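The following exercises concern the arrangement of chains in a complex. Each task is followed by a solution in steps.

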Protein chains: 6
Amino acid sequence: MTLKILFINPVGTDAYDAHIATLLGRIKRDDVEPTVVHLAKGPEHLEYHFYEHLVMGDTLKEVRRAEKEGYQAAVIGCFYDPGLREARELVSMPVVGPAESTMLVACSLGHKFSILVGRRKWVAKMEDNARMYGLSDRLASIRPLGIKVVEMLPEHDRLLSSVRREAAAAVEEDGAEVIVLGCTVESGFSDQLSRELKVPIIDPVVTSWKYAEMQADIYARLGISHSKVGGYERPPDEEGWL
Amino acid sequence: MTLKILFINPVGTDAYDAHIATLLGRIKRDDVEPTVVHLAKGPEHLEYHFYEHLVMGDTLKEVRRAEKEGYQAAVIGCFYDPGLREARELVSMPVVGPAESTMLVACSLGHKFSILVGRRKWVAKMEDNARMYGLSDRLASIRPLGIKVVEMLPEHDRLLSSVRREAAAAVEEDGAEVIVLGCTVESGFSDQLSRELKVPIIDPVVTSWKYAEMQADIYARLGISHSKVGGYERPPDEEGWL
Amino acid sequence: MTLKILFINPVGTDAYDAHIATLLGRIKRDDVEPTVVHLAKGPEHLEYHFYEHLVMGDTLKEVRRAEKEGYQAAVIGCFYDPGLREARELVSMPVVGPAESTMLVACSLGHKFSILVGRRKWVAKMEDNARMYGLSDRLASIRPLGIKVVEMLPEHDRLLSSVRREAAAAVEEDGAEVIVLGCTVESGFSDQLSRELKVPIIDPVVTSWKYAEMQADIYARLGISHSKVGGYERPPDEEGWL
Amino acid sequence: MTLKILFINPVGTDAYDAHIATLLGRIKRDDVEPTVVHLAKGPEHLEYHFYEHLVMGDTLKEVRRAEKEGYQAAVIGCFYDPGLREARELVSMPVVGPAESTMLVACSLGHKFSILVGRRKWVAKMEDNARMYGLSDRLASIRPLGIKVVEMLPEHDRLLSSVRREAAAAVEEDGAEVIVLGCTVESGFSDQLSRELKVPIIDPVVTSWKYAEMQADIYARLGISHSKVGGYERPPDEEGWL
Amino acid sequence: MTLKILFINPVGTDAYDAHIATLLGRIKRDDVEPTVVHLAKGPEHLEYHFYEHLVMGDTLKEVRRAEKEGYQAAVIGCFYDPGLREARELVSMPVVGPAESTMLVACSLGHKFSILVGRRKWVAKMEDNARMYGLSDRLASIRPLGIKVVEMLPEHDRLLSSVRREAAAAVEEDGAEVIVLGCTVESGFSDQLSRELKVPIIDPVVTSWKYAEMQADIYARLGISHSKVGGYERPPDEEGWL
Amino acid sequence: MTLKILFINPVGTDAYDAHIATLLGRIKRDDVEPTVVHLAKGPEHLEYHFYEHLVMGDTLKEVRRAEKEGYQAAVIGCFYDPGLREARELVSMPVVGPAESTMLVACSLGHKFSILVGRRKWVAKMEDNARMYGLSDRLASIRPLGIKVVEMLPEHDRLLSSVRREAAAAVEEDGAEVIVLGCTVESGFSDQLSRELKVPIIDPVVTSWKYAEMQADIYARLGISHSKVGGYERPPDEEGWL
């Protein structure tokens, strides 16, 4: 059995594809075949709610196409989890959001976790998501790094030093026992940093991918995925909008 | 001073415009000039997350156009509050969501409120919104009527009898002191029904409109609207997506 | 239609009447006729629970007299919301509390709000109220200014500079996107300060008044006010205590 | 050491004094001297917020007089806990509310408790109190018996049979492991009923009295009572209102 | 890479070993080598807190032995999650509890989940765990089946029919979109039942195993496991109790 | 009537017995006969979950022996409340945990309380307990003193000065109105310190003892103790594990 899983960079640039593909290649299961795609058009980052809207149509198209082509799961590769509910409504295979899956896994790794986001702008939606996912009680804090998404790859050293600083502060001042990196571009260095800081640094690309592998595996073996009763009920074909 | 406020029916049909316009005409302030619009294309209802996505682009265009044309506020006329965060990011004038404003007002009318939604499908998002708005503690229950949006106007008597039945059950069994009608089409009869059932039945069109009048008034007099620090920070013009 | 609304300064001094009347005159609707009253006796401020008790009887008399004289709403002008439940039990017209109405409106203006109260003494009851109103999740912090009620008008500059300092700290350190001024005497400068600090500063006199205008308008048009089922059930006349 | 503790029936009738005195006599510590008082005027019950206001002044006078006369604690004998915060502000000796103390003790007797109140009217304030005390998570349900306070002693059999019925329903349907009797007049039979129903039935008179004995004892030995920092800060004598 | 994972039946009987081993054999990853063990002594079920204590010592020994022998993860196979915190304190490899992992995964499968436990006795600890894990907001209900652990395998048909009945009731009456089977012996039929009832029925053996595979995989590749800062800090060897 | 109450130091050392016995002798009721015991073997402190397991068996034996010998209550003398649920399952007389009882009493002494624990390690379980007891909303903060249990008696001055420092910080920075000493060895000086710091410092030995006296008294007079319905249901004798 080979599991096919799609990782969507829901942005109109291929700037992150190689970074993500390399990381997935390093950590994926042997029996899993990853595909990394980006969108033909749209902003280069999703720091704004409006930008999420701009990319949602094409993101959902990618998810639906993957299901038709026999994929067993898809990851929508942005820590805002854009389109997660919409995608789950449209398809039956598991769809994974980095924020949801990473926060869930962080819950089993320590008493409380802190999320290191790029900018203060992001805090409101991250807290909204944590609250909506019912996980606020496990959230120690959300700390902005003062870095934009588009700066993260080019200014790698600045990213790393700010992650070091804020992770230490979260552990010492906010009671965090686990650190969650709050952007899919803020990734690829979690294992080294975990060893260095002696506290689990959780990478949303790694974790959402591993979570997707788990869900794809369960789906392939048992046919179990998200519920289609209630919130994820599919729109009826006869209404003509699918 | 005349306040101009836009009421958007965020659907691709004019089927609700007259109903809404008549209702607004009956309850609006004398110094307020209402405009009711619908979208050129899109589903006739928004019972699915995906449909919300389909209409969001045009809804946001209407909100932005209104601000440019000197409106003081806009109501996005669907009880899912589609695009509320996105719209507030894009404009400075107040944008009102029927669910948010009606739940807030319901909080000052009694100890707990119940929401009567059309179908069970809606419950998940309504509860998510109540949780995200921080209002879960005031929510007695969400009860589905077993009626689709598109059936509400044509099958008015069935709508009314099911509202009577579920409102009574919410008051007697769930501890509700206030009843919120959970769809903008489920509107126009709240005053008669309140008298009949001797409990406040809150109409989301009336309440969101009155809330919008209040916010437009404050905005016109004092310049105060939603915060642009944090969650509603506006995307920068220079990124070219506005 | 002219709406008559009463603003009660629930203290035994006329020291705040002119200040409030001027502010209301500046921001009221054209079709609204405000009356500002104070009590014949009682403390000059309500910083203590006991003082709330001392003024409650006369405050309730004012509310009941207003209803008899055809008013459509009353505001009990203290941020502790003294007598709010008692008043709603006794009358059918809307009764507005500055804390309740201002916190509710603040919820639609940003992700989280901070309240700037006069002294630490006040924090316990403010937090109790926020919890009782079900709004704790939206509360970023409560910060004391270190100023008594009776010092606020005479020491206006000290008041303003401490509001500036604590508002900035709430935005930068506590994650507030909206600032609520936590005393009805801490009022009259919110528009200038909002522009200066580039974050909404919410005035409890303005907001409770605008909320009362909205509720009075709905009550006059549709007869809808707070529920008389449950918590606000009226004592029976035949028991002889009304 | 003899501990003097006051039990106030905060109503304008002596109708409950003998009932309470007999009950206290049966369960009090040997080294405790109880005094039961009622007020000279006021309603015979406190089912309405307004009635709480009517008796608060005289209730607070009793509490203050007791402290002056060397009492070590006072119980304000109504399950609404009327005047609890006000009394703690005014005196240093412990003041006990039946609802607060009984809910706290119920927390150590089982996973969740249900409160059996007289009428639906009471539910809103009971839930408000549970929320304000931070105990909502332990509350299984509040069930009204459909009985007024003034009917409880005269119609003892009806009271008992409705308590039996609702207690059983709370255990079977709501998950209660402990039953709290939600009125000080709903008292005197908890031990027999606990044996009969094989579940702890908690009497608010017994429990608040035992809690008061405990607090009086700690206060007499160690001088420790409620905090005077923050919410219970005492009004300054020089303001002249004490 | 082959991952070795231990599944402990923390009871003094081999009665469940074959059942579990068969189930794991059916759903495990190809590159994973499962071992199922039981304890030499102890009760046949853990329906009582005291029984959890009785088996904890030997359970922890198994976990520690597994780590020494090169296992990458262990599952403590009881839905009470007995010894989860203790085990994580003692070892560095991931330790998985069926309740924690299954509730976390259920969160990504639907809006709310219900847990079907054997008897009412279990409800208190299950709710305590849900609360402690911070997941109460996602829990629709806990429904007892009226079946003891030791009856589940012998009376398979009764188990199945009661699961069918309570699952349907949870979906229809409690708002559950996902059903969690609340006992590791209540397992092995979730895929058939999910198809039959058209709602995800989540098997705690399958889910905890898949979660353990995911965590073992992450641990093997990146060295990341639960935090050793704070709650899971290991007792110092020099104290001599390890 | 003489009430016999057992205080168990659940550690394998007599190092704390004299300290506790002296303190209890100073504050106990005249009609109460205290017994202080320690265990024959086990660690000298319980800073680790595993150590709690190591002493649980002997602790439960002491509790059960006390019940057989006619005691009316027992206190398990560690602020982690080890074995509290297990003990309540096994016996009918009240069993008191220092953390549970002290947090409950702290709730009636001020708006919010802070707990001063020995080391950061302890915070996770203390927060878990507060959450499980449903008391998180009343918890201002948990502050570690940086002191081990075994250092507390020998380094009394260091203990005292760190309590002074952190208590002041909790009051000034975290909004605490009450300070809870979070270890039974951190005891014996609460009255002096309360006077010195002018804020209630709550001693877990004193408070759990007084709470046990109250519960023993109620149990002796009325037969009321914790519920045996649900969570504390006793294992059946016939299963042979008691």
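Two residues are in contact if their C-beta atoms, placed from the backbone, lie within 7 Å. The model examined here is predicted.

**Exercise 1.** Determine which contacts, if any, join chain C and chain E, and consider chain B and chain F likewise.

*Solution.* Begin with chain C and chain E: their closest C-alpha atoms are 14 Å apart, and no contact joins the two chains. Turn next to chain B and chain F, whose nearest C-alpha atoms also lie 14 Å apart. Chain B and chain F do not touch.

**Exercise 2.** Describe the side of chain A that touches chain E: which elements contribute two or more residues to this side?

*Solution.* First, count the participants: chain A supplies 44 residues to the contact, and chain E supplies 44 residues. Second, identify the elements of chain A that give two or more residues: α4 (98–107), α8 (190–197) and α9 (204–222). Of these, α9(A) gives the most, with 9 residues. Third, sort the residues on the chain A side by character: 18 are nonpolar, 12 polar and 14 charged.

**Exercise 3.** State how chain B and chain C are related.

*Solution.* Chain B is superposed on chain C by a rotation of 180° with 0.0 Å of shift along its axis, at an RMSD of 0.0 Å. The two copies are therefore related as by a two-fold rotation axis. Compare the interfaces next: 100% of the interface residues of chain B are also interface residues in chain C, so the copies meet through the same surface.

**Exercise 4.** Report the predictor's confidence in chain A and in the complex.

*Solution.* For chain A, the mean pLDDT is 98, and 100% of its residues reach 70 or more. For the complex, the predictor gives an ipTM of 0.98 and a pTM of 0.98.

Key: Residues numbered from 1 in each chain as written. Chains lettered and ligands numbered in written order. Predicted model: local features only at pLDDT ≥ 70, side-chain atom pairs only at ≥ 80, totals over all residues. Helix = DSSP H or I, 4+ residues; strand = E, 2+ residues; numbered from the N terminus. Nonpolar A, V, L, I, M, F, W, Y, C, P; charged D, E, K, R; others polar. pLDDT = per-residue confidence, 0-100. Least-squares fit on C-alpha atoms with pLDDT ≥ 70 in both.
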